[in-house]
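Hello,

Here is the structure I promised to pass on to you. Please have a look at it first, and then read my notes below.

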Amino acid sequence: SDSVKGLEEMRAQYIKAVSKIKCDMLCYIRESKERAAEIIKVEILRERQETARKMHKYYLTC
Amino acid sequence: PTSSVGSIAARYLEEEELRSQHILECLNAHVEELKKESEKIVRQFGHQE
């Protein structure tokens, strides 16, 4: 019947909206994690190089 | 180097602020679309009865 068809359309719209919201949120969370991981990676590398430089300097002066 | 940790975190959060504004706009758009589409369905099926 028509009312069932209307309900089904409503259901489809609702599911579509929720799916889009879920999709956007997953993307947002993933990108946040990736950005944090990248910053940590870069900083660790930088710190490691700094330590290596200090060690090198230290052993040269001894 | 340790003093830069704070500024790194601050920069990250600053960018995160922009990103959260953007996602909020996206979510609002989805909600608006649902409102509009459901309104259309209500009108369409309401008139038939």
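The sulfur of A:Cys27 has its closest cysteine sulfur in A:Cys23, at 7.0 Å, and that is too far for a bond. A disulfide needs the two sulfur atoms within 2.5 Å, so A:Cys27 and A:Cys23, with sulfurs 7.0 Å apart, do not form one. Please keep in mind that this is a predicted model. Over all chains, the structure holds zero disulfides. B:Cys26 is in no disulfide either, and the nearest cysteine sulfur to its own is that of A:Cys27, 9.1 Å away.

How accessible are these cysteines? A:Cys27 counts as partly exposed, with a relative accessibility of 28%. B:Cys26 also counts as partly exposed, at 23%.

Next, the place where the chains meet. The contact involves 23 residues from chain A and 23 residues from chain B. In general, the size of an interface is often given as the accessible area lost when the parts come together. Between chain A and chain B the buried area is about 2100 Å², and carbon and sulfur atoms give 61% of it.

There is charge at this interface too: the count between chain A and chain B is five salt bridges. One of the salt bridges joins the side chains of A:Lys20 and B:Glu33, with 2.7 Å from N to O. Twelve residue pairs are in polar contact across the interface of chain A and chain B. On the side of chain A that touches chain B, the residues divide into eleven charged, eight nonpolar and four polar.

One residue you may like to find in the viewer is A:Gln13, which is found in helix H1 of chain A, residues 2–61. Is A:Gln13 buried or exposed? With a relative accessible area of 14%, A:Gln13 is buried, because the cut-off for buried is under 20%. Setting aside its neighbours within four places in sequence, A:Gln13 is in contact with three residues of the other chain, namely B:Leu34, B:Glu37 and B:Ile41.

Finally, a few words on chain B. Its secondary structure comes to one helix and zero strands. The C-alpha atoms of chain B fill a box of roughly 70 × 10 × 5 Å along the principal axes. Chain B has 49 residues, of which 20% count as buried.

I hope you enjoy looking around in it.

Best wishes

Definitions and conventions: Residues are numbered from 1 along each chain as its sequence is written. Chains are lettered from A and ligands numbered from 1 in the order in which they are written. This is a predicted model: local features need pLDDT of at least 70, side-chain atom pairs count only at pLDDT 80 or more; totals for chains, interfaces and linings use all residues. Side-chain values use heavy atoms; hydrogens and water are left out. Helices (H or I, at least four residues) and strands (E, at least two) are DSSP runs, numbered from the N terminus. Buried means under 20% relative accessible area, exposed over 50%, partly exposed in between (1.4 Å probe, protein chains only). Contact means heavy atoms within 4.5 Å. Buried area is the accessible area (1.4 Å probe) that two parts lose on being put together, summed over both. A salt bridge is a side-chain nitrogen of Lys or Arg within 4 Å of a carboxyl oxygen of Asp or Glu. A polar contact is a pair of N or O atoms within 3.5 Å; within protein, one must be able to donate a hydrogen and the other to accept it, and residues adjacent in sequence count only if both atoms are side-chain atoms. Ala, Val, Leu, Ile, Met, Phe, Trp, Tyr, Cys and Pro count as nonpolar, Asp, Glu, Lys and Arg as charged, and the others, Gly among them, as polar.
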